[in-house]
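I am opening a notebook page on a structure that is new to me, and I want to write down what I look up as I go.

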Amino acid sequence: MKRRDFLRDAAIVAATSGIGSLSPALSQNLSPASSEGEGLPVQLLTSSAEGKGETSLIDSEPVLQNYAETSMGIAFSVTDWANGYVIFGEKPDLSDGKKVWCGGYRMTALDNEVIQVRLTGLKPYTLYYYRIGADRIEYKDGYHIRIVGNEESERIYSFRTAGREARSHFCVINDTHASWKAVNPTINKVLELQPSCVIWNGDACNTEETVEAQKRIFFKPEIDRKDYAANIPYLFCPGNHDVRGLANQHLERIWMYRQPEERLSRDWDLGRNFAVRMGDIAFVGLDTGEDKLDTNPRFCNLFVSEPYRVAQQTWLRDALKQPEIKSAPYLIALCHIPLYDPRPDMNPGDLYPADVDDKHKGDFAEWQRTCAKLWGPLLEKAKCQLLLTAHQHVYRLDQPNEEHKWMQIVGGGPNMTGKNEGHYPTVIDGEVRDGKLVVTIHNIYKGTVQETVTISKRR
């Protein structure tokens with residue numbers, strides 16, 4: 001046998017091996033309601049003599065992105081040029097497994113940083129099992145390409161898709177800012193609660209200039225449970241810090257955009273908006289973008305957030321009319337920056353003076369009024385009961401009033417010192433119980449329940 005044929009065949013065998021059986025040691029970790037393992041590194045089955053002895057190709061647990069009814073995004077980190085894939089099916093041993101490669105039509109997404117695989121054509125509220133794998137690619141030029149190794153996870157993971165029959169249980173985290181002292185107990189609380197999905201409501205980043213820095217946040221965080229998103233899917237509402245920095249200008253290389261089929265062609269460029277049904281709850285996610293005006297000279301015309309927000313108004317109007325959203329007993333909107341503040345002059349620039357110069361401290365109040373006018377009336381007309389926001393690093397609950405008919409909850413920030421009132425990390429936990437939406441705010445610094453509110457169905 002020729003050497004190149006051996007390498008090719010070895011890779012094929014490795015890519016398809018292990019599908020027919022499941023290690024007994026892993027069987028206890030398959031249910032999404034279980035503890036999902038102990039946060040160990042990905043265990044790999046490596047083939048090809050040339051692949052041995054090198055740095056592991058796959059160096060992170062998978063991250064479930066863009067929770068949806070009929071699709072799921074799965075991403076993981078790699079250390080070298082690779083073609084990645086996911087094998088998934090409905091049987092725990094993956095004996096019915098199908099392989100889906102990274103990328104889309106025409107070509108796969110050969111990459112040396114992050115592999116992103118999109119599973120489509122899934123069934124609503126269905127339990128799927130999956131494992132990840134990748135071929136190490138040696139690329140010299142367009143005619144000299146070969147597979148020099150394969151790695152495939154030994155561990156089998158699982159997820160459930162969204163839908164009307166899904167369990168109505170979610171968690172929200174926000175403003176984590178890669179502050180591991182706060183992130184670790186926050187994620188531990190989420191894993192204890194075991195929601196159907198988690199919404200990361202912005203400012204996961206600080207100002208990231210490199211892909212490696214982004215990977216450290218989403219794929220290789222300095223926390224106990226590296227598999228934090230391997231079995232519980234995430235939704236993502238970006239914050240202003242998630243667009244700052246050279247790498248963050250293209251965060252989609254790390255956290256993929258929403259599935260284009262979810263929206264009209266008019267809205268394809270709105271890659272972060274989502275409208276998702278989860279049991280009795282309908283979520284709509286909005287992207288507030290940069291918190292400074294586009295004309296602020298600090299950013300040298302890098303941002304065009306104003307027309308972006310206007311375009312989202314059109315998207316929101318149509319999203320709220322979708323049958324699965326319109327018929328849900330509970331409507332929850334999410335965006336990073338609050339649409340209402342009882343102290344309009346008390347903006348983040350006042351809380352953090354280094355962030356805003358004196359000349360532009362009024363930018364935030366003007367921005368907030370604009371967004372409230374664009375999106376607020378549509379949410380009120382749709383009888384939105386709850387708006388979940390973040391940004392200000394201080395927990396706050398705003399009851400409905402004459403200015404807005406929805407309740408607004410502002411999540412806390414990453415401060416773990418306990419020095420200032422309201423300055424602590426939060427996990428906002430919402431679950432429909434006995435016909436009511438019960439929202440519990442967990443104070444992560446103290447390890448206590450800060451507040452609980454109950455919301456009735458919308459009429």
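The entries below go from the whole protein to single residues and pairs.

**Entry 1, the whole chain.** I began by noting that this is a predicted model, and I keep that in mind for every value that follows. I looked up the length and the burial together, and found that the protein has 459 residues, of which 57% count as buried. For the secondary structure I noted 7 helices and 21 strands. The accessible surface comes to about 19,600 Å², and carbon and sulfur atoms account for 52% of that surface. I then turned to contacts between residues at least 6 apart in sequence, and found that 73% of them join residues at least 24 apart.

**Entry 2, Arg160.** Which residues does Arg160 touch, once its neighbours within four places in sequence are left aside? I listed Tyr67, Met72, Tyr125, Thr126, Leu127 and Pro233 as its contacts. Arg160 belongs to strand E9, which covers residues 157-160. I also checked one of these partners by distance, and the C-alpha atoms of Arg160 and Tyr125 are 5.9 Å apart in space, although 35 residues separate the two in sequence. With a relative accessible area of 32%, Arg160 falls between the cut-offs of 20% and 50%, and I therefore entered Arg160 as partly exposed.

**Entry 3, two surface patches.** I looked for a nonpolar patch on the surface and found one formed by Trp81, Leu110, Tyr139 and Ile145, which together have about 380 Å² of accessible area. Tyr139 sits in strand E7, residues 127-141, and Tyr139 is partly exposed at 46% relative accessible area. A positive surface patch is made up of Arg317, Lys321, Lys326 and Lys381. From this patch I followed up Lys381, which is found in helix H7, residues 363-381. Is Lys381 buried or exposed? Its relative accessibility is 72%, so Lys381 counts as exposed, the cut-off for that being over 50%.

**Entry 4, salt bridges.** How many salt bridges does the count come to? I noted 19 salt bridges, and I looked more carefully at a few of them.

In the pair Lys189 and Glu192, the closest N and O atoms are 3.2 Å apart. Both residues lie in helix H2, residues 180-193, and they are 3 residues apart, about one turn of the helix. I compared their burial, and Lys189 counts as buried at 18% relative accessibility, whereas Glu192 counts as exposed at 56%.

The side chains of Arg225 and Asp227 also meet in a salt bridge, at 2.8 Å from N to O. Here I found Arg225 buried, with a relative accessible area of 12%, and Asp227 buried as well, at 1% relative accessibility. I noted next that salt bridges sharing partners join Asp59, Glu113, Glu212, Lys215 and Lys220 into one network.

Within that list I looked up the bridge between Glu212 and Lys220, in which the closest N and O atoms are 3.2 Å apart. Glu212 is partly exposed, at 41% relative accessible area, and Lys220 also counts as partly exposed, at 26% relative accessibility.

Note on methods:
Residues are numbered from 1 along each chain as its sequence is written. This is a predicted model: local features need pLDDT of at least 70, side-chain atom pairs count only at pLDDT 80 or more; totals for chains, interfaces and linings use all residues. Side-chain values use heavy atoms; hydrogens and water are left out. Helices (H or I, at least four residues) and strands (E, at least two) are DSSP runs, numbered from the N terminus. Buried means under 20% relative accessible area, exposed over 50%, partly exposed in between (1.4 Å probe, protein chains only). Contact means heavy atoms within 4.5 Å. Patches are made of residues with over 30% relative accessible area and no salt bridge: like charges are joined within 9 Å, nonpolar side chains (Val, Leu, Ile, Met, Phe, Trp, Tyr) within 5 Å. Accessible areas come from the Shrake-Rupley method with a 1.4 Å probe; for residues, only the protein chains shown count as cover. Lys and Arg count as positive and Asp and Glu as negative; His and the chain ends are not counted. The place of a charge is taken as NZ of Lys, CZ of Arg, CG of Asp or CD of Glu.
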